[in-house]
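These exercises go through one structure step by step. Try each task before reading its solution.

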Amino acid sequence: MSEQTITLGGGCFWCTEAVFDRVRGITDVESGYANGDLPAPTYEQICTGTTGHAEVVKLTFAPAVIGVREILEIFFATHDPTTLNRQGNDVGTQYRSGIYYSDPAHRQVAEELLRQIGQDQLFGAPVVTELEPLRSYWPAEAYHQDYFANHPNQGYCAFVVGPKVEKFRKTFAHHLKPDA
């Protein structure tokens with residue numbers, strides 16, 4: 001089967017990108033902006049919180065290696081899906097938790113997982129992750145791509161991104177790329 005894509009918003013895209021760059025079966029991770037009203041937005045415009053966009057990563061993956069459910073399990077384990085328009089100190093609608101699909105089968109997997117998470121009360125609070133079709137997507141500026149890889153010692157990366165990557169490594173070692 002050929003490669004597929006799914007787009008996820010887990011707060012700051014630097015964190016989400018850094019985690020999924022290390023996942024076996026993920027062949028490409030691109031930071032971008034999804035489902036807003038402004039075409040070709042800039043980071044500065046997104047930061048106003050008025051464009052409707054979410055900071056996201058577009059994941060390209062090999063379904064023979066990793067499935068959508070496994071991707072979503074990693075997604076839910078590496079961000080807080082219970083805080084509306086916020087991840088830690090990052091506050092605003094652009095930091096919302098979201099799953100943006102182009103394939104109806106991906107929507108079905110996400111709905112089943114969200115239902116199970118709710119029944120199991122996995123997070124101790126209601127999950128506010130939105131599940132919507134991908135209506136628009138724009139790649140983020142070049143300096144946002146591979147940000148953690150290029151700036152591991154920058155303050156935000158060292159104190160926020162790094163711990164999320166480490167949590168992924170410990171929790172999902174079986175999904176870790178050999179060189180990650």
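**Exercise 1: a helix with a kink**

Helix α6 (residues 155–171) has 17 residues and spans 24 Å from its first C-alpha to its last, close to the 24 Å expected at 1.5 Å a residue. The expected span of a helix is 1.5 Å times one less than its number of residues. Helices (H or I, at least four residues) and strands (E, at least two) are DSSP runs, numbered from the N terminus. The model is a predicted one, in which local features need pLDDT of at least 70 and side-chain atom pairs count only at pLDDT 80 or more, while totals for chains, interfaces and linings use all residues. Residues are numbered from 1 along each chain as its sequence is written, and side-chain values use heavy atoms, with hydrogens and water left out.

Task: Find where α6 has its kink, what caps its N-terminal end, and which of its residues are buried.

Solution.
1. The kink, of about 35°, is at Val161, shortly before the proline Pro163. The bend at a residue is the angle between axes fitted to the seven residues ending there and the seven starting there.
2. Gln154 caps the N-terminal end: one of its side-chain oxygens lies 3.0 Å from the backbone nitrogen of Tyr156. A polar contact is a pair of N or O atoms within 3.5 Å; within protein, one must be able to donate a hydrogen and the other to accept it, and residues adjacent in sequence count only if both atoms are side-chain atoms.
3. Cys157, Val161, Gly162, Lys164, Val165 and Phe168 are the buried residues of α6. Buried means under 20% relative accessible area, exposed over 50%, partly exposed in between (1.4 Å probe, protein chains only).
4. Their cover includes α1 (13–20), α3, β4 (86–87) and α5 (147–150). Contact means heavy atoms within 4.5 Å.

**Exercise 2: the sheet**

Task: Work out in what order the strands of the open sheet lie, and which are the edge strands.

Solution.
1. The order of the 6 strands is β7-β6-β1-β3-β2-β8, with mixed pairing. Two strands pair if DSSP finds at least two bridges between them.
2. The edge strands, β7 (130–133) and β8 (137–139), each pair on one side only.
3. On average, neighbouring strands are turned by 35° against each other, direction ignored. Axes are lines fitted to C-alpha atoms, for helices over the stretch in contact, and angles run from 0 to 180 degrees between N-to-C directions.
4. Strand β2 (residues 26–34) pairs with β8 in the antiparallel sense over 3 bridges; Tyr33 has Trp138 as its bridge partner, and Ala34 has Tyr137.
5. β2 also pairs with β3, in the antiparallel sense over 8 bridges, where Glu30 is partnered by Lys58.
6. β3 is largely enclosed by the rest of the structure, because 7 of its 8 residues are buried.

**Exercise 3: two loop residues**

Task: Asn35 and Ala40 have a positive phi; decide whether each is buried or partly exposed.

Solution.
1. Asn35 has a phi near 60° and lies in the loop between β2 and α2 (43–46).
2. With 3% relative accessibility, Asn35 counts as buried.
3. Ala40 has a phi near 50°, and its place is in the loop between β2 and α2.
4. Ala40 has a relative accessible area of 47%, so it is partly exposed.
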